[in-house]
Amino acid sequence: MLTRAAVATTTAAISAVVFLQPGAPAQAAPSARAAEEITVISHRGASGHAPENTLAAVDKARELGFDWVENDVQRTRDGELVVLHDTDLKRTTDVEQVFPDRSPWKVADFTAAEIARLDAGSWYGQEYAGARVPTLKQYLERVDENRQKLLLEIKAPELYPGIENDVLRVLGEQNWLDASHLARRLVVQSFSAPSLRTLHAERPDVVTGFLGAPPVSELGAYGQFADQINPSAATLTAGYVDAVHAVRGAHGKPLTMSTWTVNDAQTARRVAGYGVDGIITNVPDVVRDAISSS
Ligand code: G3P
Ligand code: CA
């Protein structure tokens, strides 16, 4: 028969196990964080200062002193992963001039060699003429060379069946799935819960983020496969931040939150006051200055 002390110890141990489970409640986190505790993430690189999703935008983030960069990954017709936001090439390259007969210029309709011919910098400014759409491999190499960290978004995975395994393969080939990258330098996010579930099932050791704002009642279910809930800042409330922090994520720690896309000082201060963990921004310098001076 168990003594009272033994029962208490056993109960505490069981509680600890229960509360470390993904999706289980977490202890309340403090609300507002100090500026240095908030991770400022350069959206599509420092895309307010250089053409988005190019190596130049990654380098600009480093020049400004920022470790974390966000990008968007898609797949070409011949299976190469490339870094580009829109699912067509019109807005951020000269594809309409180079391939005038290939409307609607979808990424998935072009080979990697064709995309490598495109100018992804001139639309932004002549000083960036000749910048290329990077492959994921090229992008990872540059982020590594710069000693930076990556919030990698699988963009529109419904258009690219199996892209989760392609992403994992390239990450592995580039040594981004070693213990050091997994622990400190890589998060994979998506608007697609099925895509994140697939990735998590394949590699449960990868930190993942869901883009969006699931109802509070469903956060426990998201915590089964995600470590972060990353919503738009537009409708964010302090209560929702607290609700997210109160649930454990896929690795047993409280869910964290990076909100997007915050490009002005006032919004940066507002969301910092709510206690977010990260702010995703085209202008990381503006956000850093705003939250440091508040
Ligand atoms: O990282 C958040 C943000 O990138 C999500 O929206 O459209 O810019 O990919 P979008
Ligand atoms: Ca993105």
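1. Ligand 1 sits among His43, Arg44, Glu70, Asp72, His85, Glu153, Lys155, Gln189, Phe191, Leu211, Trp260 and Ile280. By class, this shell consists of four nonpolar, three polar and five charged residues. Please keep in mind throughout that the model is a predicted one.

2. Three polar contacts to ligand 1 can be listed by distance. Histidine 85 places a polar side-chain atom 2.7 Å from an oxygen atom of the ligand. For glutamine 189, the separation between a polar side-chain atom and a ligand oxygen is 2.9 Å. With aspartate 72, a side-chain N or O atom is 3.3 Å from an oxygen atom of ligand 1. On its own, ligand 1 has 290 Å² of accessible area, and the protein covers 91% of that.

3. The calcium ion (ligand 2) takes its protein donors from Glu70 (OE), Asp72 (OD) and Glu153 (OE), at 2.1 to 2.3 Å. Along the chain these donors are spaced as E-x1-D-x80-E. Each of the three donor residues, Glu70, Asp72 and Glu153, also appears in the surroundings of ligand 1. Aspartate 72 is thus a residue to look at twice: its side chain has the 3.3 Å contact to ligand 1, and its OD is a calcium donor.

4. Are glutamate 70 and aspartate 72 buried or exposed? Glutamate 70 has a relative accessible area of 2% and is buried. Aspartate 72 is buried as well, at 0%. Both values are under 20%, the cut-off for buried.

5. On the overall fold, the protein chain has 12 helices and nine strands. Its radius of gyration is 21 Å, close to the 19 Å given by the globule rule for 294 residues, so the chain is as compact as a globular protein of that length. Along the principal axes, the C-alpha atoms fill a box of roughly 80 × 45 × 35 Å. Buried residues make up 52% of the 294 in the chain.

6. Two cis peptide bonds deserve a look. One joins serine 103 and proline 104, with omega at about 10 degrees; proline 104 belongs to the loop between α3 (95–98) and α4 (112–116). Another joins tryptophan 260 and threonine 261, where omega is about -25 degrees. Threonine 261 is found in the loop between β8 (258–259) and α11 (265–274), while Trp260 is among the residues around ligand 1.

7. Two non-glycine residues with positive phi should be checked in the backbone. Tryptophan 105 has a phi of about 60 degrees and lies in the loop between α3 and α4, the loop that also holds proline 104. Tryptophan 105 counts as buried, with 10% relative accessibility. Asparagine 175 has a phi of about 65 degrees; its place is the loop between α6 (163–173) and α7 (179–184).

8. Where does proline 204 lie? Proline 204 is in the loop that runs between α8 (193–202) and β6 (208–211). Its relative accessible area of 44% makes proline 204 partly exposed. Phenylalanine 225 is 21 residues from proline 204 in sequence, and their C-alpha atoms are 8.1 Å apart in space. At the end of β6 (208–211), the chain reaches Leu211, one of the residues around ligand 1.

Methods: Residues numbered from 1 in each chain as written. Chains lettered and ligands numbered in written order. Predicted model: local features only at pLDDT ≥ 70, side-chain atom pairs only at ≥ 80, totals over all residues. Heavy atoms only, no water. Near = heavy atom within 4 Å. Polar contact = N/O pair within 3.5 Å; in protein donor to acceptor, adjacent residues only side chain to side chain. Areas by Shrake-Rupley, 256 points an atom, 1.4 Å probe, with all protein chains shown as cover. Nonpolar A, V, L, I, M, F, W, Y, C, P; charged D, E, K, R; others polar. Donors = N, O, S within 2.8 Å, 3.2 Å for Na, K, Ca; no water. Buried < 20%, exposed > 50% of the residue type's maximum accessible area, 1.4 Å probe, protein only. Helix = DSSP H or I, 4+ residues; strand = E, 2+ residues; numbered from the N terminus. Rg over C-alpha atoms; globule rule 2.2 N^0.38 Å.
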